[in-house]
Structure formats: structure tokens, C-alpha cells
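User: Hi! I'm new to reading protein structures. Could you walk me through this one?

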Amino acid sequence: LPVIALCVVSSRLACPMSCCASLLAGFHAHAPLRPHVASRAPAPLLGLPGAPRNALSSLLQDAGYSGVPTRVEELSAGFCNWVYLCEYEGPPESMPASCQGAASVDGAEVGDADGTAAGTAEEARPPMRRRRRVASTARTVVAKLFSPLAKLRLTPAMRGAADASASDEGLGPRVLYSSSDGLVTDFISGRTLTESDIHAPAAHRGVLRALAPRLAALHSVRLPAGAPVVLWHFMDEMLAQIEVGGAALPRGVSAAAVGSEVRRMRSRFEALELPVVNGHGDLKPSNLMIPASTAAAAPSASASAAAGSTGSASAGAAPLPTVTFIDFELAGAHYRGYDLYKLFRTSGHLSHKNMRAFLRDYLRCLAEADQPPAGQRRTRVAKSDLREIHAEALAFEPLTWLEAAVFFFFAMATYPAKAHEWQPLALDRWESYLASAHLVEQDGPATRELLAARHRKRALRSRKAPGWADPVATGPPSPQQPEPNRADAED
């Protein structure tokens with residue numbers, strides 16, 4: 001079976017694998033595992049050191065897999081999780097009969113595993129019920145152990161909750177078991193996407209077109225009324241750790257300065273009154289998968305580039321691949337534009353053509369979900385709507401860089417002995433943030449473009465309404481709300 005690198009990203013965004021040793025060294029010190037019955041000694045797992053071996057064995061046993069897997073392969077060992085492929089020759093040993101077959105759920109609503117009440121951060125996620133001992137007859141599974149860094153910024157009730165919700169909606173791997181220490185899911189054979197897949201010339205006719213309805217469905221999952229943006233909870237948790245270990249930050253960067261920038265960005269984005277949806281929270285290409293069953297139908301980035309340069313590709317040339325989301329650790333109530341920009345953020349050339357084509361398909365899918373088109377006609381997307389969501393997505397460039405910088409500062413503060421290894425990554429993201437922060441200032445380019453797009457949209461709708469008054473006749477628009485383009489029409 002092919003190895004799926006669940007947390008591998010492009011060269012600029014990649015996490016150094018050398019961080020694993022320091023994380024393993026602090027595993028028990030920062031996040032002790034839940035104790036289990038003494039009579040259930042951990043089963044030996046070949047090739048793994050003591051701490052992760054015992055933690056993985058405990059997780060699998062709690063899920064109902066009390067037998068020894070015939071194969072254990074490390075899929076990733078990044079900052080946030082340890083992920084393993086575990087293969088069994090047959091059904092798990094000593095598994096309760098009730099666990100055979102389809103996954104089941106216990107009757108308890110999600111709450112804090114330590115017995116405390118769920119707070120506002122939990123309210124920012126879709127409601128779900130926690131999985132308990134629901135291992136099925138699946139013979140190959142993926143087991144994820146939450147690392148100390150993950151546990152510091154996620155409450156026990158938040159860990160695995162969004163993965164289970166996505167599983168229920170058919171948008172992610174089926175969750176077989178979930179706890180505050182980790183989760184077990186079905187194994188999906190396939191490959192993760194890359195930046196090249198997203199920005200290839202013909203991507204808008206292939207993988208991006210396939211992704212649009214999936215992301216529209218994810219963003220349409222209902223959230224609790226008034227759910228707060230969970231990103232700010234993650235930021236606050238990381239800032240608290242940064243303040244404690246601020247001495248490990250790079251020279252010239254202080255905990256106070258980082259906290260000030262987070263508060264400034266929060267104020268700016270709240271002032272822009274942007275749409276909040278059930279977001280993925282880390283929608284980089286490496287958190288998207290094309291399963292093996294459809295990967296053959298999806299052209300590679302190089303093939304897409306060749307097709308785009310020759311013009312030989314067509315929308316009907318091959319069936320669209322199936323796209324699956326993975327790693328919902330940071331999912332919950334998020335700004336819609338945060339997901340949209342994170343998908344296209346790149347260290348190379350950003351394809352605005354692909355972005356606009358994807359956003360058009362995304363808006364069409366949202367509209368058709370609310371009101372399916374009659375017959376074979378496709379829903380038309382207004383240019384004013386497309387212009388607004390494009391401006392909305394571009395406004396999130398600085399926030400995606402700031403979150404990444406805060407995360408690496410958080411890692412440095414938590415593990416100061418390894419701070420020198422992560423400093424280049426932290427400074428790269430911090431400098432990228434500082435270079436783009438002006439975009440969303442009150443009079444910044446992204447702010448002006450977004451406000452102008454909103455003004456054009458309102459003006460066009462007003463023109464279609466009875467009693468419309470020509471804005472030219474009633475006075476000039478404000479500097480941040482230019483006169484609408486009268487040639488604007490629907491696509």
C-alpha cells in the first residue's frame with residue numbers, strides 16, 4: 001500500500017523532521033496519557049521507541065484492536081501529531097461483538113474528558129457525539145496520536161471532534177475511534193496534493209473543479225448560532241505559552257510584539273465583518289487527498305501543465321477525481337476567506353486564473369445546494385459576487401502568515417532547546433506577515449478592494465430594485481466606495 005504523508009507540505013511550508021526527538025522527549029512531561037487497566041499490558045509494536053509505542057498500543061487497544069498489528073509504518077511525525085499506518089491480517093482479537101461491522105457511537109454528548117464543562121471554543125465546532133470502542137472489521141487503519149503541542153492549544157473536547165463531524169458528513173476518513181489522546185480512522189489509499197496541483201495551468205478544469213463542491217459542502221455544515229471564530233482561541237492559547245517562554249524567541253521579536261499584532265489583526269478582521277463558516281482551518285494542499293480509486297483519473301501537475309500549454313485538455317476529457325479532506329485538528333468556526341486563501345497560498349506564483357475559476361465553481365455549488373437548477377442548465381454566478389469573494393480571499397494573506405509565525409514561536413517557546421532549528425521557519429513567516437499586514441489596514445489595498453466590491457454589488461442590486469436612484473445623480477461615492485461599473489453583468 002502506498003504511504004500517505006498526511007502532514008508533509010511543500011519545501012517552504014514543511015516542518016523539519018528533526019523536531020520529532022524533542023517532542024518525543026517531552027511527550028509524557030507535557031501531556032500524560034490516560035491510565036489504563038494494569039492487566040492490559042501494551043502489545044509490542046515493532047520498530048517504535050518506547051513512548052510512542054506504548055501510546056500507540058494503548059490507543060489501538062482502547063479502539064478494540066487488542067491484537068498485534070502485522071505492520072506499523074510511520075506516515076508522519078510533524079509538529080502536531082504522530083500518524084501511523086497499522087495493518088492487521090484479520091479481524092482484531094478479543095474485540096467485542098458489538099464492535100464488528102459498522103462504526104457505532106456511544107450515547108454521551110461531547111464534553112471535556114476531564115469532566116469540566118465545554119467552553120466557548122467547543123461551541124465554535126459542529127455538535128457531535130464522541131466515539132467509544134468502535135473499531136470495525138477494517139484491517140488497515142490510520143492511528144493518530146496528539147502531540148504535546150496539539151494538546152496545549154486544543155481542549156480535550158476539541159481533539160478529534162471535527163474529524164468525527166467530517167466523518168459523519170462523508171467529507172473525511174471514517175472515524176472508528178476518538179479520544180482526547182488520539183483517533184483511529186479508515187486508511188485511504190492515494191496521494192496528497194501539492195502546490196503544483198493547485199496552481200498548474202489546467203487545475204481549474206480538474207482537481208479544483210472536483211474540490212469546489214466538497215469545500216462548499218464542508219462550509220455548509222451548520223454551526224451553533226453565534227459560534228466564535230475558533231482561530232482566535234488557538235492564537236490565545238499559543239500566545240499564553242509564548243509569554244511563558246518568550247526568552248526563546250528570535251532576537252528582535254518579543255512576546256509583547258507578537259501579542260500586539262494578533263490583537264491588531266483581530267480588530268481589523270472583526271471590523272470587516274467577514275463570513276464565518278464551518279472551516280477546515282488548515283486547508284493547505286497537503287491536507288487534501290485523491291484516493292487511489294480516482295487518482296489515475298487525475299492528471300499530475302506536469303501533465304496538467306502540458307495540457308494547459310497546448311490547450312488540449314477539456315472539461316469532459318476525463319472523469320473528475322474524488323477529493324477527500326484530512327487532518328481536521330484546527331477545524332471549526334472560521335472565516336471563509338481564511339480557508340480560501342490558505343488553499344492557494346504559495347511561495348511561488350499564485351495563479352489568479354485558477355483561483356477565480358475555483359471561486360466561481362465554489363459559489364455555483366453553494367447556490368445550487370440552496371436551489372438546484374432546472375434541467376441541465378448551470379447556475380449563473382454574478383460577476384459582482386465573484387469579485388467580492390476574490391477580494392475577500394486575498395485579504396487573508398497576512399492572517400495566514402501570522403498564524404504560521406505564531407505557531408513556530410509557540411513551538412520555540414515550548415521547546416527552547418530546539419528553538420535554533422525552528423527559528424528560520426518562524427522568521428520567514430513573521431517577515432511574510434509584516435510584509436503583507438498593510439493590505440488590511442483601514443486604507444490598505446485589500447480593504448479598499450473588498451469595500452469597493454461590496455459597494456458595486458449593492459449598487460447593482462439596487463439598480464434592479466424598484467425606485468432605484470442613479471448614484472451619479474445623488475452625489476459621488478466615498479473614496480473607499482467608488483462608483484459601480486455600469487457594464488457589470490452576470491456571468
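Analyst: Happy to; we can go from the whole chain down to single residues.

User: Great. What should I know before we start?

Analyst: This is a predicted model, where local features need pLDDT of at least 70, side-chain atom pairs count only at pLDDT 80 or more, and totals for chains, interfaces and linings use all residues. Residues are numbered from 1 along each chain as its sequence is written, and side-chain values use heavy atoms, with hydrogens and water left out.

User: Okay. How many helices and strands does the protein chain have?

Analyst: There are 18 helices and 10 strands in the protein chain. Helices (H or I, at least four residues) and strands (E, at least two) are DSSP runs, numbered from the N terminus.

User: And what percentage of the residues is buried?

Analyst: Of the 491 residues in the protein chain, 54% are buried. Buried means under 20% relative accessible area, exposed means over 50%, and partly exposed is in between (1.4 Å probe, protein chains only).

User: What about the outside? How much area does the chain expose?

Analyst: The protein chain exposes about 20400 Å², and carbon and sulfur atoms supply 54% of that. Accessible areas come from the Shrake-Rupley method with a 1.4 Å probe; for residues, only the protein chains shown count as cover.

User: Let's go inside. Which residues have the most contacts in the largest nonpolar core?

Analyst: Those are Phe-358, Leu-399 and Phe-409, in a core of 85 residues. A nonpolar core is a set of buried Ala, Val, Leu, Ile, Met, Phe, Trp, Tyr and Cys residues joined through side-chain atoms within 4.5 Å. Helix H16 (residues 397-414) gives the largest share of this core, 12 residues. Apart from it lies another core of 16 residues, including Trp-82 and Tyr-177.

User: What does Phe-358 touch?

Analyst: Leaving out residues up to four places away in sequence, Phe-358 touches Leu-208, Leu-211, Ala-212, Leu-215, Leu-340, Leu-343 and Phe-344. Contact here means heavy atoms within 4.5 Å.

User: Back to H16. Why is H16 called largely enclosed?

Analyst: Because 17 of the 18 residues of H16 are buried, H16 is largely enclosed by the rest of the structure. From first C-alpha to last, H16 reaches 26 Å, close to the 26 Å expected at 1.5 Å a residue. The expected span of a helix is 1.5 Å times one less than its number of residues.

User: What comes after H16? Where does Tyr-415 lie?

Analyst: Tyr-415 lies in the loop between H16 and helix H17 (419-436). Tyr-415 is buried, with a relative accessible area of 7%. Its C-alpha atom is separated by 9.6 Å from that of Leu-149, although the two are 266 residues apart along the chain.

User: Does another helix have something to show? Which residues of H10 are buried?

Analyst: In H10 (residues 255-271), the buried residues are Ala-255, Val-258, Gly-259, Glu-261, Val-262, Met-265, Arg-268 and Phe-269. An α-helix has 3.6 residues a turn, so residues three or four places apart point the same way. Just after H10, Glu-273 takes a positive phi of about 50°.

User: Switching to strands: what does E5 pair with?

Analyst: Strand E5 (residues 182-186) has 5 of its 5 residues buried. Strand E3 (residues 140-146) pairs with E5 in the antiparallel sense over 5 bridges, and strand E4 (residues 175-178) does so over 3 bridges. Two strands pair if DSSP finds at least two bridges between them. Leu-183 in E5 is the bridge partner of Lys-144 and also stands opposite Ser-178. A hairpin of 3 residues joins E4 to E5.

User: Last topic: polar contacts. Which side chain does Asp-197 contact?

Analyst: The side chain of Asp-197 makes a polar contact with the side chain of Arg-191 (3.0 Å). A polar contact is a pair of N or O atoms within 3.5 Å; within protein, one must be able to donate a hydrogen and the other to accept it, and residues adjacent in sequence count only if both atoms are side-chain atoms. Asp-197 also reaches the backbone nitrogen of Thr-194 at 2.9 Å through its side chain. Asp-197 lies in helix H7 (residues 195-199) and is buried, with a relative accessible area of 7%.
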